[in-house]
Amino acid sequence: MRRRPADFRRPVRRRFSHWIWALFGLFTIVGLLLFVVHHNHSEDRIEQSVLERNSRIERVAHDRLNFTEEISSATSFSRQLAEQITLAKAYVVIAKEHSNLHLAWELSSKIRSSQLLLSKAVMRGEPITLEEAEPIIKSLSSLIFKAQDAHYDISTTIMTMKSHIQALEERANAATVQSTVFGQVAAEALPKSLHCLNVKLIADWMKYPSFQKMADERKNSQRVVDNNLYHFCIFSDNVLATSVVVNSTVSNADHPKQLVFHIVTNGINYGAMQTWFLSNDFKGSTIEVQKIEDFSWLNASYAPVLKQMLDLNTRAYYFGGLQDLAVDPKLRNPKYMLLLNHLRFYIPEIYPQLEKVVFLDDDVVVQKDLTPLFSVDLHGNVNGVVETCLEAFHRYYKYLNFSNSIISSKFDPQACGWAFGMNVFDLIAWRKANVTARYHYWQEQNADGLLWKPGTLPPGLLTFYGLTEPLDRRWHVLGLGYDLNIDNRLIESAAVIHFNGNMKPWLKLAITRYRPLWKRYLNQSHTYFEDCITS
């Protein structure tokens with residue numbers, strides 16, 4: 001039986017403020033229960049403080065009441081009423097649990113009377129007087145004593161509150177998991193507008209043979225293998241997102257006609273992708289579109305990851321209806337099962353005649369000319385990357401299972417992490433180091449799923465270990481799909497901005513502040529854009 005991938009989750013964050021306030025309120029109640037110990041002396045306190053209260057009332061007779069100071073004062077009637085209300089509310093809960101509905105009703109009635117009195121004091125701007133407070137305090141005290149006589153003592157109350165706290169903890173945890181699941185569903189779902197666009201484009205692909213003829217001509221163009229040009233590769237099934245990547249790249253290039261884009265998609269979206277790029281102009285750049293199904297060499301006998309994807313237990317884990325609450329829903333994301341996400345490890349096989357490429361994810365936007373990347377000296381390394389270890393949690397130990405000797409014996413847990421999304425690959429050095437074989441080795445070692453978190457970055461960290469060249473941070477700025485507080489100056493200086501995270505710019509979940517950065521590169525002049533996206 002296949003074992004599930006290791007779960008290296010961070011502690012669950014409680015995101016729901018109403019649960020947090022509920023817990024805070026319950027802890028406050030437990031503290032206030034100590035009030036019961038001194039409750040027998042409440043009437044003496046009233047008599048002893050009469051003179052002081054009357055004196056204070058005279059002093060503020062012509063001044064507006066500061067209710068915050070009033071309720072904070074240890075000698076005010078407002079403070080005593082507020083404490084009694086809190087204690088009475090706790091006894092309402094306990095009385096209901098013991099089916100003493102009459103007592104619960106009496107307590108609730110007095111609570112409302114007390115709250116009304118406090119409201120009147122605030123409205124008129126004067127402290128509560130002895131004559132107003134005494135009847136309510138005495139009657140509420142009597143009911144609290146009645147609750148104590150019914151054996152709702154401190155011990156019972158504390159145990160009840162503890163059970164409520166535990167129940168709320170469980171509900172908060174369940175709600176957090178549910179929220180994560182809903183967030184994942186929203187992030188994975190294809191918006192209706194994009195589905196509409198795909199359908200119309202595929203219909204045109206089937207209807208007009210001229211598109212297929214033009215596609216064949218582009219495929220046979222010598223420009224797609226000319227190493228004097230600048231080559232970019234994008235692997236995606238999202239037509240609109242890929243279009244933004246290409247359009248933003250050519251729009252900021254000094255010489256867009258020297259750019260060549262190699263796009264790989266799946267069979268379902270192949271017709272839509274071809275039609276879109278054949279019917280739109282991208283400033284004279286060359287665009288090649290292929291489908292992954294045409295790579296006959298990429299099969300289960302060659303690629304261990306494909307063999308794992310075909311495993312029935314693995315597919316049940318990612319696509320099964322049953323959800324194990326002990327597993328972070330993020331780790332069950334079906335995107336980890338998409339072969340398109342793993343094509344980045346087979347770039348030399350897909351483009352055997354190319355020497356250097358820049359790899360771009362489909363959720364990036366290019367803001368500056370990227371052709372200088374092809375002149376960066378990688379010092380014999382394979383992968384030019386922007387490191388992400390300025391934040392402590394982007395170290396190797398956060399992605400890999402160092403409790404396993406296979407990992408701990410070969411890698412430094414403090415090694416700096418980096419990001420996919422904008423990478424410069426020297427394919428000559430790649431072939432020389434036989435990097436794809438290293439990738440296969442680690443995929444075979446992780447057949448039980450215990451060496452790393454799901455995704456393509458952890459095996460990438462292992463595969464390219466010792467083969468990466470750090471780039472200036474401004475080449476690739478990340479976090480626009482989850483971080484609301486990225487410095488505007490950093491965004492403006494970035495050559496590539498990356499919407500990594502669930503809040504993709506083409507979704508309603510997108511962070512409003514960043515969406516215009518992506519939207520400005522949409523080709524809004526296309527007829528189908530107006531039909532599907534705008535409407």
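Leu-360 touches a varied group of residues in this predicted model: leaving aside residues up to four places away in sequence, its contacts are Phe-232, Cys-233, Ile-234, Val-245, Thr-249, Val-366, Leu-370, Gly-421 and Met-422. Two of these names return below. Leu-370 is, together with Leu-360, one of the residues with the most contacts inside the largest nonpolar core, which has 62 residues. Helix H11, spanning residues 239–251, supplies the largest share of this core, namely 7 residues. A second core, separate from that one and made of 46 residues, includes Leu-339, Val-357, Leu-427 and Leu-467. In soluble globular proteins, nonpolar side chains tend to be buried together.

Cys-233, which is among the residues that Leu-360 touches, has a relative accessible area of 0%, and because buried means under 20%, Cys-233 counts as buried.

Other cysteines of the structure are joined in pairs. A disulfide is a covalent bond between the sulfur atoms of two cysteines. How many disulfides does a search of the whole structure find? The search finds 2 disulfides, and they are set side by side here.

| Disulfide | S to S distance | Torsion about the S-S bond |
|---|---|---|
| Cys-196 and Cys-532 | 1.9 Å | about -60° |
| Cys-389 and Cys-416 | 1.7 Å | about -95° |

For Cys-196 and Cys-532, the torsion of about -60° means that the disulfide is left-handed. Because Cys-196 lies in helix H9 (residues 192–207) and Cys-532 in helix H22 (residues 527–534), this pair ties together parts that are 336 residues apart in sequence. As for their surroundings, Cys-196 is partly exposed, with a relative accessible area of 24%, whereas Cys-532 is buried, with a relative accessible area of 7%.

The disulfide between Cys-389 and Cys-416 has a torsion of about -95° about its S-S bond, so this disulfide is left-handed. Cys-389 lies in the loop between strand S6 (383–385) and helix H16 (405–408), and Cys-416 lies in the loop between H16 and strand S7 (422–426), so the pair ties together parts that are 27 residues apart in sequence. Both Cys-389 and Cys-416 are buried.

Which pairing results when the bonded cysteines of the protein are numbered in sequence order? The pairing is then 1-4, 2-3.

Definitions and conventions: Residues are numbered from 1 along each chain as its sequence is written. This is a predicted model: local features need pLDDT of at least 70, side-chain atom pairs count only at pLDDT 80 or more; totals for chains, interfaces and linings use all residues. Side-chain values use heavy atoms; hydrogens and water are left out. A nonpolar core is a set of buried Ala, Val, Leu, Ile, Met, Phe, Trp, Tyr and Cys residues joined through side-chain atoms within 4.5 Å. Buried means under 20% relative accessible area, exposed over 50%, partly exposed in between (1.4 Å probe, protein chains only). Helices (H or I, at least four residues) and strands (E, at least two) are DSSP runs, numbered from the N terminus. Contact means heavy atoms within 4.5 Å. A disulfide is a pair of cysteine sulfur atoms within 2.5 Å.
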